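Trainee: I keep reading labels like "buried" and "paired" in structure write-ups. Can we go through one and check what backs each label?

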Amino acid sequence: MVKTEINQILTKKILGLTFVLSAAAFAFAQQKITVTSNIVDRQNNPVPYASVTFTNKANAAFNDATLTDEKGLYTIQLVPGNYDVTVEAIDFKRSTTNKQITGEGNIGNITVEAENTGTLTPTQNIEGVTITAQATKAYRVELDKKVYDPSLDIVSKGGNLQDVLSNVPSVSVDTDGTVSMRGNTNVRFLINGKPSSMLGIDDGANALQSIPADQIERIEVITNPSSKYEASGTAGILNIILKKSKKVGFNGSVEGTLGYLPVTRLNTNLSWRKGAWTYYVNGGGGYSQNKSTNNSEFNSFLNPQQLNDGYSMKSIQNGINEGENNNYNVTTGIFVDVTDTSTLNASVMLRNFNNESTGETNYFDSVILKDRNAVGYPNVPYVMQDQFTSRLNEGTNKNNSFQADLGFDQKIGDNGQLLSLATSFQKSKSNGTSLITENGFDNELDFATLTLNNILTESANSTFLAKADYELPIGESSKIEAGARFDANNNDYDYYVDQSKNNGPISILPNFTSATQYNENILAGYAQFKSKINNFGYQLGLRAENTDINVNFKRVSDASLINVDKNYLKFFPSLFLSYDLDKDNQLLLNYSRRINRPRSFFLIPFMSYNNNRNLFSGNPDLNPTYENSFELGYNLSKNKVTFNPTLYFKKSEDEVNMYQYSGLNEDGNTVIYTMPVNAGSDTQYGLDINATYDPFKWWKILASADLFGYKNEGSYENFDFSGEGFSTRFRLTNTFKPTKNTSFQIQGFYRGAQNTVQQKSEPMYAVNLGASQTIWKGSGTLSFNIQDIFNTRAREYFLTTPSYSQYSYMQWQPRQFSLSLTYRFKEGEKVDQPKRKKDINSNTSGDDEQQGPM
């Protein structure tokens, strides 16, 4: 069935492309001539990297566009005729002149006029234009977000999204792949401005690793989103913009990667554009291996005489997990200028991720033996016995995702009104199997034990999203924006566990076998007004979201169905203020209220079984966390320096914390149980500094620092979550370019210790190295990188409770290196035709590839 659907989709795409190629054949058949010109300012200085668009008055098929070089010169081939020539450049007014093209040669200089006033976001891209020259800075600041360009990131070349995120300012990636912003893990991920099945349902770090770095255009870091964005994610939003080239003609690139731990990847980005049509396809696949280490030690503080027989007073666990991953993904789509005022875009994405893993854990336990008179311990209340257990977990996981998106933009009138409609349908399915073999041995009784478990998991997700946005400019510097959105999320989880002891009969474990249906519907609406008075800009917004959640849960051990219903309407205001001190200096002050809804499996009261010594159970009574966030920022943007310090303060209500307690399982082994609970509040405050500095043309520096304090308040049962302290995070990247075609990059990061009353996290650091060489006259790039040179990227923490202590060590991946080769062919000039009027207070960059916040 799936195969048939894929064939139908590909057939339709091929037929569509054939039709477009045929329609454009006439245009290609016309005789073209070569013309040149210079774009200059009033003082006759060249204007570099300006967009020059030629619009044929008689036939739109003859339209074309290009960019000027660093000297303001451009060359283009055109069919003779009458053209409107539109020029756009950063810090210059848009200019349109008419030219009659009759023969080859220079058509004369075109003069553009500088803007009289600075814009609210001096670093943003000009209306509808994206420059293809490699970014001179990897980082820039806009009104309500920070933008990271991975094209200058050598150390993640040939890697994946997780590798790129490790280098993004204000973002941290833990050793297990957990992503956080300023220490907060409640991050909302978007792909091209909306939730995406590319990130799967429950794949975690595996999903991030399946998106190649080569397919990422940029990453938008939104630490304090406005009301136009969904309110989810108290840490903020990470918007991953994938490449959707709009270069003229046929363009593309292919990248292959080899590395160790064994990794092979092959990815391609292809596009074709002529006239009103743009077609693109990004795809690839790869194979990789991973190896992680997990060690822990448990010590009980309780009185052995008051504990049950078999309880572990001390348990040491040493585990190694090795896996093999295969992933494939393809995204294909079109952009069509239906009319001069309307644009249609459509895309389809398919993703497949398969994993095979083998995990081996050895347990060394010191257990209590009571009432052992029969074995030589008369009149002794208890003795301590050493026991050894080995546990082998062999598993597979298969994940398939499908996503279809459709969008339509319609300009209304001549004053910049815009109506945008978009919808998305997504479907994901994940199937997992595990065979667990546990061999135990009682040294005292000289008795070997064998336990076999089969675990079958299946999860399915379907998501439907629809939204409408409207923009109404008022004068030259004000705008009203309003919109509505509907999300429908349906998740089904099936979990099955059986067990056989000492080759005996197989029986189902009722406490671990369950079926769950999770349904979530969110209806939202927003309105915001933005304006600018001289150097002062402001934006006021309010968003309302009504959430309806229904969870149906049935466990084999229960006779009845557990039903959980939650419905709540909440309001989320936002305020953004800015003041331009001068053209290059800007102050920013903003506020927003956010929500962190519990993840679906946080509400489901079943326990996972992959590690029967550490069991997690959801909590149906869990409520959302709400957060108020304030930021005061300063932005300096000069030719060689950008400096962006931000003071922030965040306070949450009903903070979700992980309550842990110890107990015995059915086999008499000591188990650590974990359950999410609402307990108290969390306050974070700090100074987030991001800066770039180019001391020389051959040396670029990107630095970030997060100096923050925290105060946690709250407790649950006998577990105290309170704690306060101060911690730091630093990242420094140096890029050297000794020759025109050679680059080196060295990067290091440090994460300081962080403590609460009961938990202490140790500091961590790592150093990465990369190098690249441009070859084949600029058509190719050869890159090499080493991740974690000193093999120090690991997480260590100590947990102390009134009843026990626990030490934990985890290393997600050891040192790795890779070699990548990229080849680019028929590269045209990348010019994104203007689609909308861009006002000076816009909180987007004018790039249609973003598709707007959803």
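Trainee: Why is Lys146 called buried?

Mentor: Buried means under 20% relative accessible area. Lys146 comes in at 8%, so it counts as buried. Keep in mind that this is a predicted model.

Trainee: Where does Lys146 lie, and what does it touch?

Mentor: Lys146 lies in strand β10, residues 146–148. Leaving out residues up to four places away in sequence, its contacts include Tyr139, Arg182, Glu220, Asn644, Asp688 and Asn690.

Trainee: What makes those count as contacts?

Mentor: Heavy atoms within 4.5 Å, that's the cut-off. Lys146 meets it with Asn644 and Asn690, among others. Those two turn up again: Asn644 stands opposite Asn690 in β35.

Trainee: How do you know that β32 and β35 pair?

Mentor: Pairing takes at least two bridges found by DSSP. β32 (residues 641–653) and β35 (residues 681–696) have 12 bridges, so they pair, in the antiparallel sense.

Trainee: And what makes β31 and β32 a pair?

Mentor: Same test, at least two bridges. β31 (residues 625–637) and β32 share 10 bridges, running antiparallel, so they pair as well. One example of a bridge partner: Phe630 is matched with Phe649 in β32. A hairpin of three residues joins β31 to β32.

Trainee: Back to burial. Why is Gln215 called buried?

Mentor: Put its 2% relative accessibility against the limit of under 20%, and Gln215 counts as buried. Gln215 is in a loop, the one between α3 (205–209) and β14 (216–222).

Trainee: Which residues does Gln215 touch?

Mentor: Beyond four places in sequence, Gln215 touches Ile241, Leu242, Lys243, Asn267, Asn269, Asn282, Gly283, Gly284 and Asn329. Take Ile241: it sits 26 residues from Gln215 in sequence, with 8.8 Å between the C-alpha atoms.

Trainee: How confident is the predictor in the protein chain?

Mentor: The protein chain averages a pLDDT of 82, and 85% of the residues score at least 70. Among its elements, strand β26 (residues 514–533) has the highest mean, 94, and helix α1 (residues 2–29) the lowest, 42.

Trainee: Which stretches have a pLDDT under 50, and how many contacts do they make?

Mentor: Residues 9–29 are one such stretch, with 16 contacts in the model beyond four places in sequence. Residues 829–852 are also below 50, and there the model has 111 contacts beyond near neighbours in sequence.

Notes: Residues are numbered from 1 along each chain as its sequence is written. This is a predicted model: local features need pLDDT of at least 70, side-chain atom pairs count only at pLDDT 80 or more; totals for chains, interfaces and linings use all residues. Side-chain values use heavy atoms; hydrogens and water are left out. pLDDT is the predictor's confidence in each residue, from 0 to 100. Helices (H or I, at least four residues) and strands (E, at least two) are DSSP runs, numbered from the N terminus. Buried means under 20% relative accessible area, exposed over 50%, partly exposed in between (1.4 Å probe, protein chains only).
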